Amino acid sequence: MSHEDIEATKAPLVEHLIELRQRLMWSLIALGIGFVICFFFASEIFNILLKPYEWARGNVEGLELIYTAPQEYFFTQLKIALFGGAFLAFPVIAGQIYMFVAPGLYKNERGAFLPFLVATPILFLLGASLVYFLTMPLVMQFFLSMEQSGPGVAKIQLVAKVSEYLGLVMTLIFAFGLCFQLPVLLTLLGRAGIVSSDGLKTKRKYAIIITFAVAAFLTPPDPISQIGLALPTLLLYELSIISVRMVEKRRAEAEAEREADS
């Protein structure tokens, strides 16, 4: 390669790096704005996240959380702000990713890529909703069932720390949210020709084992949250097989049309 060719390739590279910096800057600005907004309402957000605990306890008056270090609740609020800010900023971040990638894609590829950006937050929200309305109350009921009281026995009562409760909620939300991205991931791999519907069907038994192993790793050591994550993930795996089959069908139809035109 000549010196002129090397210099010619530098210009597009510099332009891409400048554009990448701009996209990252807008994403960080959106994240910062979301962080500030959520930090201002951190106490209200935490009270919303406490609802599953309240439903499990059944008596709001008897609900008590503590923090054992002066800075613990402050750092908990920072985590809430970062968590909520990332959620609020996701549409902007996804849009910046799309605008950076889109110029390098063909028109049909851009049309295929956009639905996945839309489906990602929707599926994450579905996973988070499952945690909030079903899994988390059941998990807290399981832990609360271990309390002990009565005459002749020591009183054992759950008094959760604010940081540990938030960590539990965030862990479950992230675990379910990420696992709910399975249809998006497998459909993209199907479009790339890396996986096939027949291959996914034949590997179903391995998927079941891996799913329960991942659920045991991502969730607390209680059977409710592990089963609660594994079963929806396996259902999403079956839906992914259908989605990949539809992709293969559309690809076959497109190839048949090209052969007919030629």
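In which helix is S197 found? The legends below, which describe a predicted model, take up this residue after an overview of the chain.

**Figure 1. Overview of the predicted chain, with its 10 helices and 2 strands.** Read from the N terminus, the order of the elements is α-α-α-β-α-α-β-α-α-α-α-α. The chain is more spread out than a compact globule, because its radius of gyration of 24 Å is well over the 18 Å that the globule rule gives for 262 residues. Measured out along the principal axes, the C-alpha trace spans about 85 × 45 × 30 Å. Of the 262 residues, 32% count as buried, and the accessible surface of the chain comes to about 16200 Å², with 69% of it belonging to carbon and sulfur atoms. Among the contacts with a separation of 6 or more, 82% are accounted for by residues 24 or more positions apart. The chain carries 20 positive and 22 negative side chains, and the centres of these two sets lie 4 Å apart.

**Figure 2. Close-up of S197 in helix α8, which comprises residues 197-202.** S197 counts as buried because its relative accessibility is 3%, a value that falls under the 20% cut-off for burial. When its neighbours within four places in sequence are left aside, S197 is in contact with I241, V244, R245 and E248.

**Figure 3. Close-up of helices α6 (residues 162-179) and α7 (residues 182-191).** Helix α6 has 18 residues and reaches 26 Å from its first C-alpha to its last, which is close to the 26 Å expected at 1.5 Å a residue. The buried residues of α6 are V162, Y165, L166, L168, V169, M170, L172, I173, A175, F176, G177 and C179. In α7, burial is found at L182, P183, V184, L186, T187 and G190. Helix α7 is followed by G193, a residue whose phi is positive, near 80°.

**Figure 4. Close-up of F142 in helix α5, which comprises residues 107-144.** F142 counts as partly exposed, with a relative accessibility of 24%. Although F142 and D222 are 80 residues apart in sequence, their C-alpha atoms are 8.1 Å apart in space. Beyond its neighbours within four places in sequence, F142 is in contact with D222, P223 and I224.

**Figure 5. Close-up of Q226 in helix α10, which comprises residues 223-261.** The relative accessible area of Q226 is 23%, so Q226 is partly exposed. Not counting residues up to four places away in sequence, Q226 touches A215, A216, T219, P220 and P221. The C-alpha atoms of Q226 and T135 are separated by 9.5 Å, while the two residues lie 91 residues apart along the chain.

**Figure 6. Close-up of G58 in the loop between α3 (51-57) and β1 (65-66).** G58 is exposed, because its relative accessible area is 66%, and the cut-off for an exposed residue is over 50%. Between the C-alpha atoms of G58 and L218, which are 160 residues apart along the chain, the separation is 27 Å.

How values were computed. Residues numbered from 1 in each chain as written. Predicted model: local features only at pLDDT ≥ 70, side-chain atom pairs only at ≥ 80, totals over all residues. Heavy atoms only, no water. Helix = DSSP H or I, 4+ residues; strand = E, 2+ residues; numbered from the N terminus. Expected span 1.5 Å × (residues − 1). Buried < 20%, exposed > 50% of the residue type's maximum accessible area, 1.4 Å probe, protein only. Rg over C-alpha atoms; globule rule 2.2 N^0.38 Å. Contact = heavy atoms within 4.5 Å. Areas by Shrake-Rupley, 256 points an atom, 1.4 Å probe, with all protein chains shown as cover. Lys, Arg positive; Asp, Glu negative; His and termini not counted. Charge placed at Lys NZ, Arg CZ, Asp CG, Glu CD.
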